[in-house]
Amino acid sequence: MKADIKDYTLSELEKCFIGHSLPKFLARQVFDWVYKKRVEDFLKMSNISNDNRLFLKDNFYFSWLECIKREVSRDKTEKFLFKLRDNTHIETVLIPEPLRRTLCVSSQVGCKFSCKFCASGQFGFKRNLGVSEIINQYLFIADALFPETITNIVFMGVGEPLDNFTNVIKAIGILTEPAGPQVSSRRITISTCGLAPEIIELGKLSLGIKLSVSLHASTDAKRSNLMPVNKTYPLSELMKAVRYFAKHERYPVTFEYVLIRGFNTSKEDALQLSRLLSGLRYKINLIPYNLSSLDFNSPDNEEISLFTGELQKRGVFFTLRKPRGQDITAACGQLRASWSRTR
Ligand code: SAH
């Protein structure tokens, strides 16, 4: 059976070629053709010997994603709906800004973690994405954008990236490979609902990437209510893992905090949040809740400014985020777990 060439990191490909008594440097040549020159036909790889081209053709193939819908929001955010080989669907979002273009990739079909406010987990979990399915989201949109480039990649689409640890780490290995797409590691962010053991594993790898933690509440009672994962990894354990990660990486950890009307915006919430973050280098993004079919609301401006006022008093630095792509349901938490079932 042929193997999907885009499932391989450079070192895996080198090992594979050496195992077949082929030169190690062939792997770099292939990476250059596939990821830099963007040629997806082994027979056209003109600096590779005929025998080796035939070997590649006989043993490997190029997978691809079928884009079945592309929507552009009023603010120019674009959402791509891809159909996978097993007829499942994933969504990928491109967020253009004046100085950067951020790609928001999915890591799983569906999600296991059932955060109450998030549309992505509503239909449960189907499966992990393979390495090439992550890479192909990037390549499809990079090709469509050319000659402009994707500057940043965030694992903030559907799924929990740390629950698909091995494939996500391999995909990051490919994306950051200098002989390949060469995306700078500091421009890659993994967002997690708080899988403490995997946050520690990620810290040990010291990949130079950024970590974002979906926090959303500052007490165990409230967080467990919103995010069942908090019952497995309560705040004390999560923050211990985050502090471990912060020691092993250069960049401050980011926290995402969705503002939900009447739920997590009180004076007490601000106080608990400042306690939780004390002594840590961090950034916190406050995101007014993006409406979905779920039973939550966004606070009004007065509620938001009362909360941010309380944070300021306690020296908590924050950024208030503007939602993007709401009109095409491309904003945080609006991507769907199972597109076909919600049609
Ligand atoms: N599973 C990972 C990656 C998903 S990122 C994680 O939880 O971090 C998607 C982000 O959007 C998360 O921070 C999530 O909590 C947030 N989100 C979900 N629903 C939202 C909504 N309706 N409004 C604003 N943000 C939301």
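Trainee: How do the residues of the shell around the ligand divide into nonpolar, polar and charged?

Mentor: In this predicted model, the shell divides into 9 nonpolar, 8 polar and 2 charged residues. There are 19 residues around the ligand, and Ser-191, Ser-214, His-216, Tyr-289 and Asn-290 come nearest.

Trainee: What makes the pair formed by Asn-290 and the ligand a polar contact?

Mentor: A polar contact is a pair of N or O atoms within 3.5 Å, and a backbone N or O atom of Asn-290 lies 2.8 Å from a nitrogen atom of the ligand, so this pair meets the definition. The same cut-off of 3.5 Å is met by Glu-160, with a polar side-chain atom 3.0 Å from a nitrogen atom of the ligand, and by Thr-192, with a backbone N or O atom 3.3 Å from an oxygen atom of the ligand.

Trainee: How much of the accessible area of the ligand does the protein cover?

Mentor: On its own the ligand has 540 Å² of accessible area, and the protein covers 95% of that. The space that the ligand takes is the largest cavity, and the elements giving two or more residues to the shell are strand E10 (188-192) and strand E12 (253-259).

Trainee: Why is the chain, with its 12 helices and 14 strands, called as compact as a globular protein of that length?

Mentor: For 343 residues the globule rule gives 20 Å, and the radius of gyration of the chain is 21 Å, which is close to that value, so the chain is as compact as a globular protein of that length. Along the principal axes, its C-alpha atoms fill a box of roughly 70 × 45 × 35 Å.

Definitions and conventions. Residues are numbered from 1 along each chain as its sequence is written. This is a predicted model: local features need pLDDT of at least 70, side-chain atom pairs count only at pLDDT 80 or more; totals for chains, interfaces and linings use all residues. Side-chain values use heavy atoms; hydrogens and water are left out. A residue is near a molecule or strand if one of its heavy atoms lies within 4 Å of it. A polar contact is a pair of N or O atoms within 3.5 Å; within protein, one must be able to donate a hydrogen and the other to accept it, and residues adjacent in sequence count only if both atoms are side-chain atoms. Accessible areas come from the Shrake-Rupley method with a 1.4 Å probe; for residues, only the protein chains shown count as cover. On a 1 Å grid over the protein atoms alone, a cavity is a set of points where a 1.4 Å probe fits but cannot get out, and a pocket is an open set with protein on both sides within 12 Å along at least five of seven lines; lining residues have an atom within 4 Å of a point. A molecule sits in a cavity or pocket if more than half of its atoms lie within 2 Å of its grid points. Helices (H or I, at least four residues) and strands (E, at least two) are DSSP runs, numbered from the N terminus. Ala, Val, Leu, Ile, Met, Phe, Trp, Tyr, Cys and Pro count as nonpolar, Asp, Glu, Lys and Arg as charged, and the others, Gly among them, as polar. The radius of gyration is taken over C-alpha atoms; the globule rule is 2.2 Å times the number of residues to the power 0.38.
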